[in-house]
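Visitor: I have some labels to check with you. Let us take them one at a time.
Guide: Gladly. Here is the chain.

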Amino acid sequence: MSARRARSRRLAADIGLLTVAAAFAVPLAWVLLSAVDPKADVGVKSPDGFTLDNFDAVLTDEITFTPMLNSLLLCGGGTLLTVVSAALAAYPLSRYSSRLNRPFMLTILFATSLPVTAIMVPVYALFVRVDLIDTMQGTIFFFAASQLPFAIWLMKNFMDGVPKELEEAAWTDGASPLQSLVRIVLPLMGPGVAVVTVFSFVLMWGNFFVPFMLLLSPDQMPAAVSINDFFGSKGAIVYGQLAAFSLIYSTPVILLYVLIARRLGGGFALGGAVKG
């Protein structure tokens with residue numbers, strides 16, 4: 001009886017996992033098939049032939065290249081600012097004890113739960129006042145600020161895994177705290193930096209609401225916003241071109257993950273580093 005129950009539970013678990021996998025696989029299959037289908041529609045089906053006309057139609061400066069460049073500038077700049085600021089903020093939290101450390105970390109944790117939509121109205125008013133509205137640098141600053149709380153939390157946890165004795169040895173040789181952070185701590189926590197980089201870049205890359213609110217000029221819109229142009233008036237949607245653009249739009253994120261996948265799966269390899 002118990003064996004039959006175990007098989008039933010295993011079967012239920014397998015069905016649940018397959019259902020979840022299908023929920024992810026079906027949209028991906030639609031994008032891949034519709035991108036080369038001359039008569040693509042909203043359903044998942046075998047292509048009625050093979051064509052690259054959908055890619056030819058979207059590979060223009062106005063539709064793809066300019067929005068993609070804007071996205072790379074916004075997300076690349078925001079990610080760089082986030083990683084640098086998170087490392088500088090996490091270092092004293094990890095290396096120095098204070099009664100304020102725990103309240104500060106709890107405040108950071110609370111900040112991660114705030115929805116962006118809840119703060120966009122005051123942010124928009126502030127950006128208008130300081131002339132940062134409709135500027136790339138203003139949007140980069142807000143991207144970085146919105147990702148910093150969780151980035152600091154992640155960076156601090158990874159930094160705690162680096163033995164402090166290595167820094168103390170460097171301090172004995174005359175290194176400053178900043179030098180020990182750059183030359184010792186960050187290289188040893190490469191997987192952690194990679195995680196924060198990918199996490200920040202992916203969330204910025206898929207963010208539609210923030211650039212839609214803070215940028216007004218069409219020539220500054222990123223791809224996350226320009227993809228909305230494929231949903232024409234009165235429900236007229238060119239599904240093949242939408243799928244082709246979606247594939248192109250996903251490429252930078254996939255390449256970023258592939259480039260640093262080894263670091264994501266790596267360890268700190270600090271065994272024996274502090275043996276004297």
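Visitor: How much of the chain over residues 236-260 is helix, and how far apart are the end C-alpha atoms?
Guide: This is a predicted model. Over residues 236-260 the chain is 84% helix and 0% strand. The end C-alpha atoms lie 40 Å apart.

Visitor: What does the UniProt record call residues 236-260?
Guide: The unreviewed UniProt entry lists residues 236-260 under "transmembrane region". Residues 12-33 are listed there too. Over residues 12-33 the chain is 100% helix and 0% strand, with 31 Å between the end C-alpha atoms.

Visitor: What makes helix 3 oblique to helix 6?
Guide: Start with the angle. Helix 3, residues 61-95, packs against helix 6 at about 40 degrees. Roughly parallel needs an angle under 35 degrees, and roughly perpendicular runs from 65 to 115. The angle of about 40 degrees fits neither class, so helix 3 is oblique to helix 6. The two axes are 6 Å apart.

Visitor: Which hand does the crossing of helix 3 and helix 6 have, and which residue classes are in the contact?
Guide: The crossing of helix 3 and helix 6 is right-handed. The contact of helix 3 with helix 6 has 20 nonpolar, 8 polar and 2 charged residues.

Visitor: Why is the pair D37 and K45 called a salt bridge?
Guide: The cut-off is 4 Å between a side-chain nitrogen of Lys or Arg and a carboxyl oxygen of Asp or Glu. The closest N and O atoms of D37 and K45 are 2.7 Å apart. That is within 4 Å, so the pair counts as a salt bridge. The structure holds 4 salt bridges.

Visitor: How do you know whether D37 is buried or exposed?
Guide: D37 has 3% relative accessibility. Buried means under 20%, so D37 is buried. Its partner K45 has a relative accessible area of 26%, which makes K45 partly exposed.

Visitor: What is the N to O distance between K45 and D48?
Guide: K45 and D48 meet in a salt bridge at 3.2 Å, N to O. D48 is partly exposed, with a relative accessible area of 46%.

Visitor: What makes the pair of E167 and R95 a link between distant parts of the chain?
Guide: E167 and R95 form a salt bridge, with the closest N and O atoms 2.2 Å apart. E167 sits in helix 7, residues 164-172, and R95 in helix 3. The two are 72 residues apart. E167 is buried, with a relative accessible area of 0%. R95, at 7% relative accessibility, also counts as buried.

Visitor: What joins D37, K45 and D48 into one network?
Guide: Salt bridges that share partners do. K45 bridges to D37, and K45 also bridges to D48.

Visitor: Why is D131 called exposed?
Guide: Exposed means over 50% relative accessible area. D131 has 62%, so D131 counts as exposed. D131 lies in the loop between helix 5 and helix 6.

Visitor: What is the phi of D131?
Guide: The phi of D131 is near 60 degrees, a positive value in a residue other than glycine. D134 has a positive phi of about 60 degrees and is not a glycine either. D134 lies in the loop between helix 5 and helix 6.

Visitor: Why is V128 called partly exposed?
Guide: V128 has 41% relative accessibility. Partly exposed falls between 20% and 50%, so the label fits V128. V128 is in helix 5.

Technical notes: Residues are numbered from 1 along each chain as its sequence is written. This is a predicted model: local features need pLDDT of at least 70, side-chain atom pairs count only at pLDDT 80 or more; totals for chains, interfaces and linings use all residues. Side-chain values use heavy atoms; hydrogens and water are left out. UniProt positions are given in the numbering used here, feature names are shortened, and annotations may be inferred rather than shown by experiment. Helices (H or I, at least four residues) and strands (E, at least two) are DSSP runs, numbered from the N terminus. Buried means under 20% relative accessible area, exposed over 50%, partly exposed in between (1.4 Å probe, protein chains only). Axes are lines fitted to C-alpha atoms, for helices over the stretch in contact, and angles run from 0 to 180 degrees between N-to-C directions. Angles under 35 degrees count as roughly parallel, over 145 as roughly antiparallel, 65 to 115 as roughly perpendicular and the rest as oblique. A crossing is left-handed if the near helix is turned anticlockwise from the far one by less than a right angle, and right-handed if clockwise. Ala, Val, Leu, Ile, Met, Phe, Trp, Tyr, Cys and Pro count as nonpolar, Asp, Glu, Lys and Arg as charged, and the others, Gly among them, as polar.
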